[in-house]
Amino acid sequence: MRCVIARFPFDLTKNGVLESMKGVKPELVTDDLDLVVIGRHRYPAKQVGQIITRQDRRDFSAVEVLRAMTRLGFSCRPRPTAGPAPVADPYRRASAMLGVRQPYCQV
């Protein structure tokens, strides 16, 4: 499959990516990274992109790699987005969990 990563065209195949990643140890994965699952390992998207393109990580974005890996059939997990702001008051948090709307009163 033809992919464009960092403005350069690449002809990638699933078997080619598997072969390139064989024997590569995954870097430390934190919750704020985009991930690509290859085999039984979870790799940061930038690490995969660097290995398959042989380019510096600053030359491409993780989104480009995720798009290409998804099209090849690999499981990808984008960076988690921020959730709703936590409720500070414990009574409001409990009410929100129960789904009960409490009238606002100041103590």
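In this predicted model, the hairpin of strand 1 and strand 2 has 2 residues between its strands, and Ala-6 adopts a positive phi near 55° there. The two strands run antiparallel and are joined by 4 bridges. Within this pairing, Cys-3 of the hairpin faces Phe-10 in strand 2.

Following the chain onward leads to Leu-12, placed in the loop that connects strand 2 (8–11) with helix 1 (14–21). Leu-12 has a relative accessible area of 8% and is therefore buried, the cut-off being under 20%. Beyond its neighbours within four places in sequence, Leu-12 makes contact with Met-1, Cys-3, Ile-5, Ile-52, Met-69 and Leu-72. A link across the sequence also appears in the C-alpha positions: Leu-12 and Ala-68 are separated by 56 residues along the chain, yet their C-alpha atoms are 8.5 Å apart in space.

These contacts lead naturally to the core. In soluble globular proteins, nonpolar side chains tend to be buried together. Here, the largest nonpolar core comprises 21 residues, and the members that touch the most others are Leu-12, Val-17, Val-36, Ile-38, Val-48 and Met-69. At least two residues of this core come from each of strand 1 (2–5), helix 1, strand 3 (35–38), helix 2 (45–53) and helix 3 (62–72). The most is given by helix 3, with 6 residues. For Val-17, the partners outside a window of four places in sequence are Ile-38, Ile-52, Met-69, Leu-72 and Phe-74. Ile-52, Met-69 and Leu-72 thus recur, being listed both for Leu-12 and for Val-17.

Thr-53 offers a polar counterpart worth a look. This residue belongs to helix 2, and its relative accessibility of 8% falls under the 20% limit, so Thr-53 counts as buried. Its side chain reaches the backbone oxygen of Gly-49 at 2.5 Å. With residues up to four places away in sequence set aside, Thr-53 touches Ile-5, Phe-10 and Phe-60. Ile-5 is also a contact of Leu-12, while Phe-10 is the residue opposite Cys-3 in the hairpin pairing.

What, finally, do the aromatic rings do? The structure holds 0 aromatic pairs, but two lysines sit over rings. The charged end of Lys-14 is positioned over Phe-74, 5.1 Å from the centre of the ring. Likewise, Lys-46 lies over the face of Phe-60, with a distance of 5.1 Å to the ring centre. Both rings have already been met: Phe-74 is touched by Val-17, and Phe-60 by Thr-53.

Conventions: Residues are numbered from 1 along each chain as its sequence is written. This is a predicted model: local features need pLDDT of at least 70, side-chain atom pairs count only at pLDDT 80 or more; totals for chains, interfaces and linings use all residues. Side-chain values use heavy atoms; hydrogens and water are left out. Buried means under 20% relative accessible area, exposed over 50%, partly exposed in between (1.4 Å probe, protein chains only). Contact means heavy atoms within 4.5 Å. A nonpolar core is a set of buried Ala, Val, Leu, Ile, Met, Phe, Trp, Tyr and Cys residues joined through side-chain atoms within 4.5 Å. A polar contact is a pair of N or O atoms within 3.5 Å; within protein, one must be able to donate a hydrogen and the other to accept it, and residues adjacent in sequence count only if both atoms are side-chain atoms. Rings of Phe, Tyr and Trp (its six-membered ring) pair if their centres lie within 6.5 Å; planes under 30 degrees apart count as stacked, over 60 as edge-to-face and the rest as tilted. A charge sits over a ring if NZ of Lys or CZ of Arg is within 6 Å of the ring centre and within 35 degrees of the ring normal. Two strands pair if DSSP finds at least two bridges between them.
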